[in-house]
Structures are given as structure tokens and as C-alpha cells.
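Here are my notes for you to read alongside the model. Keep the structure open and find each spot as we get to it.

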Amino acid sequence: MTIIEQPKLPEIAENSIRVARPSIGLFDAIALIVGLVIGAGIFETPALVAANANSETDVLQAWGLGGVISIIGALCYAELATTYPNIGGSYDYLKRAFGRSIAILFAWARLSVIQTGSIALLAFVFGDYASQILRLGTFSAGIYAALAIALLTALNILGVKHSKRLQNWLTITTILGLLAIIIIGLTLPTGNSPAPATTATNSRSWGSAMVFVLLSYGGWNEAAQISTEIENYQRNIIRSLLWGLGIITALYLLINLAYLKGLGLMGMAQSPAVAANLMRQAFGEPGAKFISILVVVCTLDSINATIFTGARTNFALGQDVAAFRFLGVWQDRHNTPTTAYLWQGVISLALVGLGTVTRDGFKTMVDYTAPIFWFFFLLSSLSLLVLRVRDSARPRPYRVPLYPILPLLFCAACGYLLYSSLVYTGTGAIVGVVVVALGIPFTLRHCQQTR
């Protein structure tokens with residue numbers, strides 16, 4: 001195994017590109033993006049969106065708008081990823097735009113909260129649905145969650161070849177399963193009549209709906225973490241993002257149309273599990289069992305993709321910070337950041353243990369990660385504006401259209417989601433903020449030592 005020495009700032013990108021050999025094709029990248037985004041959310045959030053909508057048209061418009069916002073964000077990230085190809089992704093953009101202290105704090109946040117918390121919450125969804133198929137006792141969900149993290153981490157350590165092959169098959173299975181639900185829903189008799197329009201504040205209802213919509217679209221930005229590993233990255237980054245989000249948006253619109261056709265707006269709004277209810281209406285309990293299996297596959301798809309991309313930022317942190325040098329280990333034989341995977345897995349398993357003890361694992365992890373995620377997502381989006389000014393002479397293979405209008409619109413969306421995640425989440429959000437704050441003294445101390 002090779003230990004990467006701590007380099008100076010201009011050398012980091014070169015080291016990253018040299019160590020991480022391009023081995024991800026366009027189809028692989030599209031499958032990874034689709035897998036990152038389409039998880040268990042699309043089986044849960046449609047009911048919450050419908051409950052905050054005034055009509056069926058509002059539901060479809062909300063999901064369409066979510067796709068548009070995500071595509072605008074993808075255009076912004078494509079410029080950053082093609083201009084600054086680096087295995088650390090947003091870590092490198094933040095360092096260039098706002099300095100090393102912010103970048104190190106971001107890497108600490110991903111290691112301790114954002115990525116590990118996301119892996120844990122996805123693992124809990126997997127555990128909940130796997131337990132519907134075969135229960136493993138009192139702590140069944142936690143046991144399944146831990147097994148999923150351990151096995152998928154081990155698979156990724158074995159190499160990109162194995163992990164991307166699994167990712168491709170899981171994504172294909174997920175898409176086929178969603179298409180089956182869409183076809184069944186669209187062919188069922190029309191469901192209940194729409195619920196009466198809400199009378200309170202329409203703007204508040206619309207805003208709440210968009211929180212859940214954008215939560216379901218989250219994850220596509222992780223493509224920046226693999227920019228140096230994508231073949232012909234200057235073309236394939238933007239192509240993979242646009243194709244991936246185009247597929248996701250089409251599937252989300254069609255599946256919500258199927259829910260509306262099969263259950264009606266009122267049926268959607270009152271359903272605790274819209275997909276299960278739709279399939280139960282069509283095929284009885286076997287249909288509901290099919291949904292459990294599909295959610296298990298979708299969640300494994302998302303867990304694997306999140307594990308894959310999360311280790312890349314940890315590796316970049318190990319390259320850049322002496323105290324985390326142990327994370328900057330790349331195994332040449334399998335072309336993977338082995339130690340970064342191991343530490344990410346250990347922290348994720350610890351969070352699974354915490355969620356199992358509290359017996360409210362999924363909600364706790366959502367609250368834990370959301371404010372930190374949107375805070376750094378906003379900073380990453382702002383880095384495009386900063387670097388356009390500070391590094392204007394640098395060649396840019398791709399430039400976001402309608403600059404600066406589109407970047408400003410996306411920054412506004414990120415700011416709104418940051419506000420919403422702080423207002424509508426519980427005590428888990430406070431814990432997440434405290435954990436990140438614990439990294440501030442270390443960040444400041446490190447930066448003072450390197451001056």
C-alpha cells in the first residue's frame with residue numbers, strides 16, 4: 001500500500017489524479033448518480049408532499065420543480081468538477097474559495113456527520129424493510145443495518161471493479177422495479193377524489209412540500225467526488241449528471257402520476273406507505289411484500305453509492321492534514337482508499353449503534369445530518385461565484401450557462417433548505433451542529449501550525 005505524503009496546495013490535484021486511475025465509464029457514472037438519489041425517499045416522501053399540496057397539479061409541479069432545481073445545481077457543479085478535477089470534490093473547491101480552514105472543517109463534517117450519518121440512515125431504512133421479510137429479533141433493524149454497512153464496505157475495499165458492477169445491477173433493478181409500479185399504478189382504476197384545498201397559508205404548504213421533494217432529489221452532488229476517476233471527465237461529468245437527473249426526474253414524475261391515478265390525492269396524503277398501499281390495492285399482501293423487497297434493493301443501491309463517494313473526501317483530508325495522514329492510504333492493487341473506507345465504516349457502525357439504542361434511528365439520523373449538509377452545500381455553491389472572480393484566468397472546459405443567474409438561484413434554494421432544516425428538525429440537529437463545532441478548535445490549531 002502507498003502512503004501519500006502531505007503535499008503543498010498546488011500539488012494536491014496532481015497527486016489525486018495520479019493515484020486515482022480513471023476507471024469509471026459514462027454508464028457507470030450515470031448508475032452511480034441514479035443510485036445515490038433514488039433511495040427509500042421516493043417510497044415515503046410523496047405522501048408528505050401530497051399532504052401539503054392543494055391539487056394533483058401542485059404535486060406534479062413540485063416534483064418537476066425539484067428536478068429543475070437539481071439540474072441547475074448540476075450545471076454549477078459540472079463547471080467546478082471539470083475546472084478543478086480532484087478526488088476530494090467539494091473539499092478542493094472550498095479550500096480554493098474560502099481557505100484551508102473551511103475545507104478541513106467540511107472534511108471533518110463529512111467524516112463525522114454528513115456522509116456517515118447518511119450511510120447510517122439509509123442502513124436503518126434497509127433494516128426496517130428487511131425485517132418485514134425476515135425478522136432477526138428485538139434489534140432486527142439495527143442488525144441488518146450493521147451487516148449492510150460491513151458487507152458493502154468490504155466489497156468497496158476489494159476494488160472499483162466489484163463495487164461498480166454491483167452498483168450497475170442494483171440501479172438497473174431499482175429502475176425496473178419503479179417502472180413496474182408506474183405501469184401498475186397507471187392501469188389501476190382511478191382512486192379517491194382529490195382532498196379539499198388547504199386554507200391556511202398556501203406559501204407555507206408549498207414550502208413544506210418542496211423540503212420533502214428536494215430531500216428526495218439529494219445526492220447527485222456526490223458525482224464531484226469521483227471526477228478524477230471518470231473516463232474522459234471533461235465531457236462525461238456533465239453528460240452523466242444531465243442523463244442521471246433526467247432519468248430521475250422522469251421516474252419521479254411518472255411514479256407520482258401513478259400514485260395519484262391509483263390512490264387519488266386524498267389517498268396519497270393519508271397513506272403511511274403509498275407504494276405499499278398501491279401494490280396492496282392491486283395484488284393484496286404479495287404486492288406489499290414485493291415493495292419491501294424493492295425498497296431493500298433501492299436502499300442497498302444508495303448505501304453502496306454513498307460509501308463509495310464518501311471515502312474520497314476522507315482520502316483527500318488524509319493527503320492534506322498531517323493529523324489525518326492515516327486516511328491518505330491508497331491501495332494500488334485494488335485502486336481504492338482502503339483506510340478511508342475502514343474509518344468511514346467504523347463511524348457509520350457507531351451511529352447505527354446510537355440509533356438502535358434510541359429506537360428512532362432513521363429520524364435521528366435525518367435530523368443529525370440535514371443542517372450540516374445544506375450549510376456546506378450552500379458554501380460549495382458559493383465557491384463557483386468566488387472562483388470565477390479569484391481564478392478568472394484558469395481554463396474552464398465547461399461554463400454554466402446564464403451566469404451568474406443560475407448559480408444565484410441555486411444558492412437561494414440551498415439557503416432556504418438550510419433554514420428549513422434548522423426550523424423543522426428536532427434535537428438531532430443540535431447534536432450534529434455540536435459534533436461539527438468540536439472540530440473547529442482542531443481546524444484553527446492546524447491552520448495556525450501550517451502558517
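1. A bit of vocabulary before we start: helices (H or I, at least four residues) and strands (E, at least two) are DSSP runs, and they are numbered from the N terminus. With that in hand you can place Phe 326, which sits in the loop between helix 12 (285–320) and strand 2 (329–330). Is Phe 326 buried or exposed, or does it count as partly exposed? Its relative accessibility is 34%, so Phe 326 counts as partly exposed, given that buried means under 20% and exposed means over 50%. Setting aside residues up to four places away in sequence, Phe 326 touches Thr 339 and Trp 343. Thr 339 is 13 residues from Phe 326 in sequence, and the two C-alpha atoms are 7.0 Å apart in space.

2. Now the whole protein, and please remember that this is a predicted model. You should be able to find 17 helices and 2 strands. The protein has 451 residues, and 59% of them count as buried. Take the contacts with a separation of 6 or more: 83% of these in the protein come from residues 24 or more positions apart. As for the outside, the accessible surface is about 17,700 Å², and carbon and sulfur atoms own 67% of that.

3. How far should you trust what you see? The mean pLDDT of the protein is 79, with 81% of the residues at 70 or more. Helix 4 (residues 56–83) has the highest confidence, at 90, while strand 1 (residues 2–3) has the lowest, at a mean of 37. Residues 1–19 have a pLDDT below 50, although the model gives this stretch 47 contacts beyond near neighbours in sequence. Residues 193–204 are also below 50, and here the model has 13 contacts beyond near neighbours in sequence. Where pLDDT is low, don't read the predicted coordinates in detail.

4. Next, go to Thr 249, in helix 10 (residues 233–269). Why does Thr 249 count as buried? Its relative accessible area is 13%, and the cut-off for buried is under 20%. A polar atom of the Thr 249 side chain lies 2.8 Å from the backbone oxygen of Leu 245. If you ignore neighbours within four places in sequence, Thr 249 is in contact with Gly 67 and Tyr 217.

5. Stay in helix 10 for some aromatic rings. There are 12 aromatic pairs in the structure. In one of them, Trp 63 and Tyr 252 have ring centres 5.3 Å apart and planes at 80 degrees, so this pair is edge-to-face. Trp 63 belongs to helix 4 and Tyr 252 to helix 10, so the pair ties together parts that are 189 residues apart in sequence. Both Trp 63 and Tyr 252 are buried.

6. Another pair to look at is Phe 373 and Trp 374. Their ring centres are 5.0 Å apart and their planes are at 80 degrees, so this pair is edge-to-face too. Trp 374 is buried, with a relative accessible area of 12%. Which residues make up the aromatic cluster around here? Tyr 77, Tyr 93, Phe 373, Trp 374, Phe 377 and Phe 410 form it together.

7. Helix 5 (residues 90–98) is worth a stop. Of its 9 residues, 7 are buried, so helix 5 is largely enclosed by the rest of the structure. Its buried residues are Ser 90, Tyr 91, Asp 92, Tyr 93, Leu 94, Lys 95 and Ala 97. Just after helix 5 comes Gly 99, with a positive phi of about 105 degrees.

8. Last stop: the loop between helix 14 (361–390) and helix 15 (405–424), where you will find Pro 404. The peptide bond from Tyr 403 to Pro 404 is cis, with omega near 0 degrees. Leu 402 lies in that loop as well. Its phi is near 55 degrees, which is a positive value in a residue other than glycine. Leu 402 is exposed, with a relative accessible area of 59%. Finally, look at the ring of Tyr 403: the charged end of Arg 388 sits over it, 3.9 Å from the ring centre.

Notes: Residues numbered from 1 in each chain as written. Heavy atoms only, no water. Buried < 20%, exposed > 50% of the residue type's maximum accessible area, 1.4 Å probe, protein only. Contact = heavy atoms within 4.5 Å. Areas by Shrake-Rupley, 256 points an atom, 1.4 Å probe, with all protein chains shown as cover. Polar contact = N/O pair within 3.5 Å; in protein donor to acceptor, adjacent residues only side chain to side chain. pLDDT = per-residue confidence, 0-100. Phe/Tyr/Trp six-rings, centres within 6.5 Å; stacked < 30°, edge-to-face > 60°. Lys NZ or Arg CZ within 6 Å of the ring centre and 35° of its normal.
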